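Me: I have just opened this one and would like a short tour. Could we go through it step by step?

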Amino acid sequence: MAFGDHCGEMSRWITAQCCENMVEMVDNPVDNLCCGAGGGAWAGPYAKERIDFGKWKADQIKATGAEMVVAACHNCRDQIKKSLTKEFDLGIETKYVWELVSDSLVIKPWTKTEITKARKKRNAQFVRDGVDLEEL
Amino acid sequence: MEVLDLDKRPKSKLELDPKWANICYTCGTCVSACPATGLVPGWNPRTALRAIALGLEQEVIDSKWPWVCTLCGRCQFKCPQGAELLKTFRKCRTVRDRDKVPGSLHKGTMMNIEKGNNLGIPRDDMLHLLASLGAEMEEDDEHASCPGFYVPVDQEDANIIVTMNSKEPFAEPDDMKFLWRIFHAAKESWTVSSTNWEGVNWGLFSGDDESMKIQVERVLENARRLKVKTILYPE
């Protein structure tokens, strides 16, 4: 598992709790390069430049040898998952850090009382907002 | 080649202090640090900053350099002279005419100002989508099902208010369930706003400070209106 961001220790710690073998992308966070889709580039028209920029990130990801890369940002995740993986044949799975947590959960089912209480609140909300559950 | 008279530089739109011409040593550390070096012929952090310092800022503003640059800030971090390269390149975006902002950034920003999210998703469509996804969560068997789950909308006094990324309701609605499953497991008290719920601030990227501020104010206003103390901004 490799963590692809420069967004901080908390995400790193969370990732480590979910994976037995987390590896760092690089030794120094300042060398953990931008994915190439930052600053709005994912929504921009300069696809060739975005991909060429992303080659640096693709090389860093490849060098980790990891099976999964975790991103804490929508742009990084989309760039790696939808573009770099294909362009540079990365053969890697990409997840949001909160997706990794979600996938790692073993959820204890709520009690009947909790469920009844939640549904009552939900139904009141639907009435207030004019949402008809039968129509969904 | 025309000689540049530095005393006759046009007034800077970027409001760059003229002493910056001396601050930059032209060492090129920024060029080595920048993954975008080589992507736009003629431009890199050093040539762009030098051009601006020498009064040729319009050439930089008109080039695609400030938009191929992802504003990662590595140039500025590495600069031994403390030149504010990141800030300067973003300012180049700010001073470009709005109808020349590349791609959908400006369009999305204006849509957000007008409709409350970058993609113009109407309130009722959003409320029905959230209700419908909530119902799926109760039955979802691919992951653990979450009986009792629903998306609390405009719920006062919740612990957390969460912004949403319009790309998800628009194109990848199931991806919203990752976060929701965590809230369900933690029995968190949380809510979303029925209006102005957009978390993606494209004014930041398009260089539009005024719209950026409006968006931030809306996120704060939602939290104040619903008396929620913590804003979760998963962007």
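Reply: Certainly. This is a predicted model, and its chain B has 13 helices and 3 strands.

Me: What does the C-alpha trace of chain B span along its principal axes?
Reply: The trace of chain B extends over about 75 × 35 × 30 Å. The radius of gyration of chain B is 23 Å, whereas a compact globule of 235 residues would have one near 18 Å.

Me: And what percentage of the residues in chain B are buried?
Reply: Of the 235 residues in chain B, 52% are buried.

Me: Changing topic: how many residues does each chain bring to the contact?
Reply: Chain A contributes 45 residues and chain B contributes 51 residues. Of the area that chain A buries against chain B, 14% comes from A:Tyr46, A:Ile107 and A:Trp110, more than from any other three residues.

Me: What is the total area buried between them?
Reply: Chain A and chain B bury about 4200 Å² between them, and carbon and sulfur atoms give 62% of that.

Me: How many salt bridges are there between the two chains?
Reply: The count is 9 salt bridges between chain A and chain B. One of them joins the side chains of A:Arg119 and B:Glu138, at 2.8 Å from N to O.

Me: Which helix of chain A supplies the largest share of the side that touches chain B?
Reply: That is α5(A), with 10 residues.

Me: What about residue classes on that side?
Reply: The side of chain A that touches chain B has 21 nonpolar, 15 charged and 9 polar residues.

Technical notes:
Residues are numbered from 1 along each chain as its sequence is written. Chains are lettered from A and ligands numbered from 1 in the order in which they are written. This is a predicted model: local features need pLDDT of at least 70, side-chain atom pairs count only at pLDDT 80 or more; totals for chains, interfaces and linings use all residues. Side-chain values use heavy atoms; hydrogens and water are left out. Contact means heavy atoms within 4.5 Å. Buried area is the accessible area (1.4 Å probe) that two parts lose on being put together, summed over both. A salt bridge is a side-chain nitrogen of Lys or Arg within 4 Å of a carboxyl oxygen of Asp or Glu. Helices (H or I, at least four residues) and strands (E, at least two) are DSSP runs, numbered from the N terminus. Ala, Val, Leu, Ile, Met, Phe, Trp, Tyr, Cys and Pro count as nonpolar, Asp, Glu, Lys and Arg as charged, and the others, Gly among them, as polar. The radius of gyration is taken over C-alpha atoms; the globule rule is 2.2 Å times the number of residues to the power 0.38. Buried means under 20% relative accessible area, exposed over 50%, partly exposed in between (1.4 Å probe, protein chains only).
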